[in-house]
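Student: Please take one part of this model and go through it closely. I would like to know what packs around it and how its residues are placed.

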Amino acid sequence: MSILSHDDTICALSTAAGGAMAIIRVSGKDAITLSDTLFRSPHGKPLTSARSHTAHYGEVVGKDGKVIDDVVALVFRAPRSYTGEDTVEFSCHGSRYIIGLMLQALIGNGARQALPGEFTQRAFLNGKLDLSQAEAVADLITSTNSATHAMAMSQLRGHFSHQLALLRDQLLHLTTLLELELDFSDQDVEFADRSELLSLAEETEQRIATLSHSFATGKALREGVAVTIIGKTNVGKSTLLNRLLNDDKAIVSDIHGTTRDVIEDTTQIHGVTFRFIDTAGLRETADAVERMGIERTYKKLNEAVIALWLTDQPPTEEDTLDVLHRTEGKKLIAVVNKTDLDNTSYNPLSHATDIEAANIPVIRISAKHGDGIPQLEEAIYTAADLPSVTANDIVVTNIRHYEALTAAHDDISRVVDGLHHGLSGDLLSEDLRACIDHLSEIVGGAINTEETLGNIFSHFCVGK
């Protein structure tokens with residue numbers, strides 16, 4: 001059945017299975033009537049007569065007349081519900097057996113199992129949420145730290161949508177002025193000074209660019225800041241990874257070349273997620289498999305924001321310059337390992353120029369015993385240089401939003417360029433309309449295809 005069909009009544013478990021309590025949500029035009037066929041109140045009061053936003057204690061009874069469970073039924077009448085439809089939420093015990101019987105009873109009385117994201121999709125279709133707010137629901141469910149939680153809350157509260165609405169109003173104002181200019185182009189009437197139009201267009205361009213540029217921060221906060229651990233074989237990279245993750249993720253061995261593939265996992269430092277990547281040791285080798293691992297090391301290094309260069313012996317000048325070259329444009333932290341031994345007094349950057357070494361911290365640690373790890377974590381957090389995010393900040397995290405903003409920025413940039421070169425208003429209006437359409441895509445105003453909406457909501461969990 002199409003995810004766009006919303007004339008029927010749907011039901012699903014809306015809480016994680018296995019807890020002490022569970023919530024089963026029923027939504028649709030027949031939700032209250034259908035639920036009432038299963039519900040028995042000790043006072044004989046039917047749910048069909050219940051006021052919106054009221055709770056009712058009773059029993060759910062199957063077709064065979066047997067009591068399935070004691071429940072509390074919450075009644076929400078359209079349009080004052082999450083989906084904008086009549087909704088009943090049954091709070092029951094969390095037994096998988098009970099949940100199964102409840103859903104079977106509801107489906108047996110005419111409901112159907114909700115598809116992934118279908119409740120939230122109905123909220124969007126019924127105007128309770130715009131599309132960016134609907135997507136924020138999924139982001140809120142999957143938030144893993146304070147930053148991703150704050151970004152999702154900001155978007156869910158409509159801060160991003162409000163900013164887009166302001167931009168759209170400004171673009172419509174620009175379009176109106178240009179169209180008036182066209183309408184009276186054959187008369188000696190001036191409705192807008194071109195310099196004023198240029199100023200408005202440049203301001204809009206800057207605001208769209210600011211939103212677009214925030215995606216780099218949003219992506220890092222959402223997916224985790226990529227940190228690659230590089231160095232020669234047997235310097236302790238896998239031991240360091242295990243120490244940072246507080247888990248035996250990587251195999252530790254005295255045999256050179258043990259790590260032949262990329263190993264990665266995430267952890268948090270001060271509420272920010274970091275994605276640590278252990279790589280194959282850098283050395284000349286005839287082993288074809290190990291060479292493949294080293295090639296993957298260089299690939300992962302290109303993807304990283306921060307590189308931890310781990311050494312346990314003074315590097316050669318060639319090694320130092322090679323690392324500086326390969327990590328150019330990244331935040332490099334030089335890490336001297338094995339402070340429990342007597343070989344850590346050297347400076348790994350001694351072969352670098354003063355300029356190259358000036359802003360590269362050198363942290364001395366013992367990955368084996370944990371000495372210096374707090375100082376290293378602080379250095380990593382500082383190197384990430386991410387802003388603190390509150391629920392009032394607007395940070396773009398969704399690739400779909402970023403692509404729409406990028407396209408909108410291209411459109412408005414052409415308008416600015418056209419105004420500089422005196423292009424006619426009809427050509428400028430086309431780009432302005434395209435810019436408005438791209439911004440509207442973000443909140444759903446320009447999206448009406450089943451395929452696009454189905455793709456967005458299919459990534460939600462069942463019950464939301």
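Tutor: In this predicted model, the axes of helix H13 and helix H14 (residues 425–443) come within 8 Å of each other and cross at roughly 165°. An angle over 145 degrees counts as roughly antiparallel, so H13 and H14 are roughly antiparallel to each other. Their crossing is left-handed. On the H13 side, the residues that meet H14 include Arg400, His401, Ala404, Leu405, Ala408, Ile412, Val415 and Leu419. Among their partners in H14 are Leu428, Leu432, Ala434, Cys435, His438, Leu439 and Ile442.

H13 also packs against H7. The axes of H7 and H13 lie 9 Å apart, at an angle of about 155°, and the two helices are therefore roughly antiparallel as well. H7 passes H13 in a left-handed crossing. The H7 residues in this contact include Arg194, Leu197, Leu198, Ala201, Ile208, Leu211, Ser212 and Phe215. From H13, the contact includes Ile399, Tyr402, Leu405, Ala408, His409, Ile412, Val416 and His420. Leu405 of H13 is thus listed in the contact with H7 and also in the contact with H14. Ala408 and Ile412 likewise appear in the contact with H7 and in that with H14.

Two members of the H7 and H13 contact, Phe215 and Tyr402, deserve a closer look. The structure holds two aromatic pairs. Phenylalanine 215 and tyrosine 402 form a stacked one, with 4.4 Å from centre to centre and 15° between the planes. This pair links distant parts of the chain: phenylalanine 215 belongs to helix H7 (residues 194–223) and tyrosine 402 to helix H13 (residues 399–420), 187 residues apart. The two partners can be described by their accessibility. Phenylalanine 215 has a relative accessibility of 9% and so counts as buried. Tyrosine 402, at 28% relative accessibility, counts as partly exposed.

Isoleucine 399 is also found in helix H13. Its relative accessibility is 47%, and isoleucine 399 therefore counts as partly exposed. The C-alpha atoms of isoleucine 399 and phenylalanine 215 are separated by 8.1 Å, although their positions lie 184 residues apart along the chain, counted as separation.

A few places elsewhere in the chain can be set beside this part. Serine 154 is in helix H5 (residues 146–156), and its relative accessible area of 2% makes it buried. Apart from neighbours within four places in sequence, serine 154 is in contact with His159, Phe160, Ala391, Asn392, Asp393 and Ile394. Another ring takes part in an arrangement with a charge: the charged end of arginine 25 sits over the ring of phenylalanine 119, 5.2 Å from its centre. Alanine 55 has its place in strand E4 (residues 54–61). Not counting residues up to four places away in sequence, alanine 55 touches Val72, Ala73 and Leu74.

Finally, the chain as a whole. There are 15 helices and 13 strands. Of its 464 residues, 49% count as buried. Among the contacts with a separation of 6 or more, 68% come from residues 24 or more positions apart. The pair of phenylalanine 215 and tyrosine 402, 187 residues apart, is one link between distant parts of the chain.

Key: Residues numbered from 1 in each chain as written. Predicted model: local features only at pLDDT ≥ 70, side-chain atom pairs only at ≥ 80, totals over all residues. Heavy atoms only, no water. Phe/Tyr/Trp six-rings, centres within 6.5 Å; stacked < 30°, edge-to-face > 60°. Helix = DSSP H or I, 4+ residues; strand = E, 2+ residues; numbered from the N terminus. Buried < 20%, exposed > 50% of the residue type's maximum accessible area, 1.4 Å probe, protein only. Lys NZ or Arg CZ within 6 Å of the ring centre and 35° of its normal. Axes fitted to C-alpha atoms, helices over the stretch in contact; angles between N-to-C directions. Parallel < 35°, antiparallel > 145°, perpendicular 65-115°, else oblique. Left-handed = near helix turned anticlockwise from the far one by under 90°. Contact = heavy atoms within 4.5 Å.
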